[in-house]
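Okay, thanks for letting me have the slot today. I'll put the structure up and then walk you through it at an easy pace.

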Amino acid sequence: MTSFRIVNVTIFSLLLFCLMSGVHPQELAKVPEIKGYELHCIEASGITESSAKKLRNGDDIANPDQSIKCYVQCFFSKLRLMNEKGVVQKDKVISFMTLLMPEDQAKKLADKCDLRRTNPCDTAYAMYDCYRQNKAKLVL
């Protein structure tokens, strides 16, 4: 493989869900909540299938619209990465990241990607994009 795929929103969220709920990653196919979250967030945000696919693939999205940003925010909220006010729950992000890297690196990346914007959707997307852009640090 010539380049590494990033941990995109869906994978990131699914693994975090595993961490929070004690579900082994291989059992995810049996967790109906994940598909429900995805379907709910697609409907709630109005994201296009094309954009949702790009997010799942970890592709760069030039000039993301509000539906894309709000899809990410919805998913992060469902998985408790953000609270109801759109504030990133950094402790939960760090817990997840320690599955991928040493704790000190996880804390540095969580600090780097603890971005705040004018609204929850913009904040969620900025956080997602920061992790996406730092993909080399996410690969073991």
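**A walk through the helices**

Let me begin with contacts across the chain: if you take those between residues at least 6 apart in sequence, 63% of them join residues at least 24 apart. Before going further, please keep in mind that this is a predicted model.

So what are we looking at? The protein chain has seven helices and zero strands. Read from the N terminus on, the elements go α-α-α-α-α-α-α. There are 140 residues in the protein chain, and buried ones make up 46% of them. As for the surface, the chain exposes about 7800 Å², and 52% of that is supplied by carbon and sulfur atoms.

Now for how helices pack. Two packed helices are described by the angle between their axes and the distance between the axes. I've got two pairs to show you.

Pair one is helix 4, residues 66-78, with helix 7, residues 120-133. At what angle do their axes cross? Roughly 80 degrees, and the axes come within 7 Å. Angles from 65 to 115 degrees count as roughly perpendicular, so helix 4 is roughly perpendicular to helix 7.

Who does the touching? On the helix 4 side we have Gln66, Ile68, Lys69, Cys70, Val72, Gln73 and Phe76. They meet Pro120, Cys121, Asp122, Ala124, Tyr125, Met127 and Tyr128 in helix 7. Sort the residues of this contact by class and you get ten nonpolar, two polar and two charged.

While we're on helix 4, have a look at Phe75, which lies in that helix too. Is Phe75 buried or exposed? Its relative accessible area is 1%, and buried means under 20%, so Phe75 is buried. Phe75 also has a partner from elsewhere in the sequence: His40 is 35 residues away along the chain, yet the two are 8.8 Å apart in space, C-alpha to C-alpha.

Let's step to either side of helix 4. Going back towards the N terminus, there's a loop between helix 3 (49-57) and helix 4, and that's where you find Asn63. Asn63 has a positive phi of about 50 degrees although it isn't a glycine. Where does Asn63 sit on the buried-to-exposed scale? With a relative accessible area of 75%, it is exposed, because the cut-off for exposed is over 50%.

On the other side, Leu81 is in the loop between helix 4 and helix 5. Being in a loop doesn't put Leu81 on the outside here: at 0% relative accessibility, it counts as buried. Leu81 and Asp91 are ten residues apart in sequence, with 8.8 Å between their C-alpha atoms.

That takes us to pair two, helix 5 and helix 6. Helix 6 covers residues 103-112, and it packs against helix 5 at an angle of about 135 degrees, with the axes 9 Å apart. That makes helix 5 oblique to helix 6. The crossing of these two is right-handed.

Helix 5 brings Lys90, Val93, Ile94 and Met97 to the contact, and helix 6 brings Ala106, Lys107, Leu109, Ala110 and Asp111. By class, that's six nonpolar, no polar and three charged residues.

Let me zoom in on Val93, which lies in helix 5, residues 90-97. How accessible is Val93? Its relative accessibility is 1%, so it counts as buried. The C-alpha atoms of Val93 and Leu109 are separated by 9.7 Å, with their positions 16 residues apart along the chain.

One last residue: Gln105, which is found in helix 6. Gln105 has a relative accessible area of 41%, and that makes it partly exposed. Gln105 and Ile94 are eleven residues apart in sequence and 9.4 Å apart in space, C-alpha to C-alpha.

To recap the two pairs: helix 4 is roughly perpendicular to helix 7, and helix 5 is oblique to helix 6. That's it from me, thanks for listening!

Notes
Residues numbered from 1 in each chain as written. Predicted model: local features only at pLDDT ≥ 70, side-chain atom pairs only at ≥ 80, totals over all residues. Heavy atoms only, no water. Helix = DSSP H or I, 4+ residues; strand = E, 2+ residues; numbered from the N terminus. Buried < 20%, exposed > 50% of the residue type's maximum accessible area, 1.4 Å probe, protein only. Axes fitted to C-alpha atoms, helices over the stretch in contact; angles between N-to-C directions. Parallel < 35°, antiparallel > 145°, perpendicular 65-115°, else oblique. Left-handed = near helix turned anticlockwise from the far one by under 90°. Contact = heavy atoms within 4.5 Å. Nonpolar A, V, L, I, M, F, W, Y, C, P; charged D, E, K, R; others polar. Areas by Shrake-Rupley, 256 points an atom, 1.4 Å probe, with all protein chains shown as cover.
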